[in-house]
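Me: Please take a close look at one helix in this structure and describe how its sides are placed, then set it beside other parts of the chain that help to read it.

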Amino acid sequence: MILTIDIGTTNCKAALFNDEGIMIHYDTITLDQNYFLLHGHLIDPIAFSHALHYLSLNLPHSQEIEAVIVTGSGPSLVPVTHSVEMKDGLLQASSFPARLYLDRRAVEEAKEVSNAWESFIDASFFLPKALYIAHHEREVYEKSISFLSSYDYINYLLTGEKTNIIHAPDATKWYYNDEVLDMLHLDKEKFPLLIAPGTIIGNVSDLAQRALHIPSTAKVIAGGPDFLISILGSAAVHPGMVCDRSGTSEGINLCSSLRVEDERLMSYLHPIAPYHNISGIISTSGKAISWAKELVGLESISYEDMFNKIETIAPGSDNLIFLPYLTGERAPIWDPAAKGVFSGLTLSSSPWHLLRSVVEGVGFAIRDVIETIEEVGQEVSVLRSIGGGAHIGALQQIKANITQKEVAVPHQKESEMVGAMALAQKALGRFDSLQQACTSLISFSHFYYPDEKLKSLHDDLFSQYRNLYSSLKGNWR
């Protein structure tokens, strides 16, 4: 059996798959809000230990587990200060607070890193975070023995081996190498070996076996960042297919036969050779929707009921437009100063108009990335939607209408867990290729087609959406 674990921004999940790739167990736990700091941008890693303990001790057939693979949201950074130990029944390694992807304080450091690489690097990425610590939190920097991502921290707990997973062989600039670390005067000893997804890191340690009751014979396989695993879980493994991974943030990943050099997008080798991945990340998508839901006092209503009510509001929300830049924005504008905006409010704007405009604003953000991809000569044929909200039909239909693309939703609800399982199956030698593993293990059950009658409406609103940002750019503080 294969155990998959996902370390998210607000939740942690675990799934157990049998040898046929069928999920036989699934569990989730919300990270304790008491461990979050700096408006949810940081978290005490002990929260990860509590989640790992809960998820592991609730597993059936735990003694039959032969492999564990861990994925998670990123970019993130955990400043680890001590070796792995079992304390108060928890498997842990003492660390300073983990910096989640929402932490974008390292704006000046990002400029330094960008200069070192001679390529744009965003403040949310791994190395600017580390450099920020070196500049502004010297005690944290000096006491840290290693900087790990959230999922690599879990791998460290499981094996005692310090590694960081690089999502593609040509993606070094989003991580680090010795030359750039020297240029930035950072201690190379604090930055572990970079390894590829699917690498067998080692076996579950005896200490982890005692703490989590997972066999020490189980292999720990490198998973990686959620956007990479999402590509596999959506089976977007042929040119023209896009993985639309929705959650707190949104990742748009196109499988392409060509590489793109455009700083509005990220381009690197696709997990399926010889293709390339053309990527754009939206900082707050699901987070924007949940924020708006709370803003209008509807915390107690279910998302299903909320979307049923949103459907009663006409498309376009009475010309109310929302920019979902609540923590700045990454692709395609890469503007950490950008702010969220409602434009077009009137006395007739109801809470439901606001909610629909936020959902549509997320749709326009997705379209902004897709049109940028198409502007550089790439073809986008279909969106394969996975993650939070993928099985909310009204949301997927709005995405299809705004982007004017077909949207397909996998039969398996937890697609990221399935993607991790497919990667582990390949690592264990059960498939000849990763592409074969994905196409064999993943199927689709729901399809949404754009409403042609709404094309002109959404074309006009999208033009307003882009112009609104252009008119405000540089005016935020």
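Reply: Ser-456 and Ser-470 are exposed, on the other side of helix H15 from its buried residues. The model is a predicted one. Buried in H15 are His-458, Leu-461, Phe-462, Tyr-465, Leu-468 and Tyr-469. Viewed down the helix axis, these buried residues fall within an arc of 120°, so they line one face of H15. The spacing behind such a pattern is a general one: an α-helix has 3.6 residues a turn, so residues three or four places apart point the same way.

The buried residues of H15 have several packing partners. Two are strands, S20 (321–323) and S21 (341–343). The others are helices, H11 (351–375) and H12 (393–403).

The length of H15 can be checked as well. The helix covers residues 455–472, and its 18 residues should span 26 Å at 1.5 Å a residue; the end C-alpha atoms are 26 Å apart, which agrees. Just after H15 comes Gly-474, with a positive phi of about 90°.

Helix H13 can be read beside it. H13 runs over residues 415–427, 13 residues in total, and its first and last C-alpha atoms are 18 Å apart, close to the expected 18 Å. H13 is mostly covered, with 11 of its 13 residues buried. Among them are Ser-415, Glu-416 and Gln-425, along with Met-417, Val-418, Met-421 and Leu-423. Gly-419, Ala-420, Ala-422 and Ala-424 are buried too. H13 is followed by Gly-429, whose phi is positive, near 85°.

As for enclosed space, the whole structure holds 2 cavities of 30 Å³ or more. The largest cavity contains about 300 Å³ of space. Its lining has 23 residues, and Gly-74, Pro-75, Tyr-175, Pro-225 and Phe-227 lie nearest its centre. Helices H5 (150–159) and H8 (226–233) and strands S12 (163–165) and S18 (266–269) each supply at least two residues of that lining. By type, the lining of the largest cavity divides into 12 nonpolar, 7 polar and 4 charged residues.

The second largest cavity has a volume of about 30 Å³. Its lining is made up of Arg-99, Asp-103, Arg-104, Arg-105, Ala-106, Lys-129 and Tyr-132. Of these lining residues, 5 are charged and 2 nonpolar, with no polar ones.

Conventions: Residues are numbered from 1 along each chain as its sequence is written. This is a predicted model: local features need pLDDT of at least 70, side-chain atom pairs count only at pLDDT 80 or more; totals for chains, interfaces and linings use all residues. Side-chain values use heavy atoms; hydrogens and water are left out. Helices (H or I, at least four residues) and strands (E, at least two) are DSSP runs, numbered from the N terminus. The expected span of a helix is 1.5 Å times one less than its number of residues. Buried means under 20% relative accessible area, exposed over 50%, partly exposed in between (1.4 Å probe, protein chains only). The arc is that of the directions from the helix axis to the C-beta atoms. Contact means heavy atoms within 4.5 Å. On a 1 Å grid over the protein atoms alone, a cavity is a set of points where a 1.4 Å probe fits but cannot get out, and a pocket is an open set with protein on both sides within 12 Å along at least five of seven lines; lining residues have an atom within 4 Å of a point. Grid points are joined across faces, edges and corners, and a volume is the space filled by probe spheres set on the points. Ala, Val, Leu, Ile, Met, Phe, Trp, Tyr, Cys and Pro count as nonpolar, Asp, Glu, Lys and Arg as charged, and the others, Gly among them, as polar.
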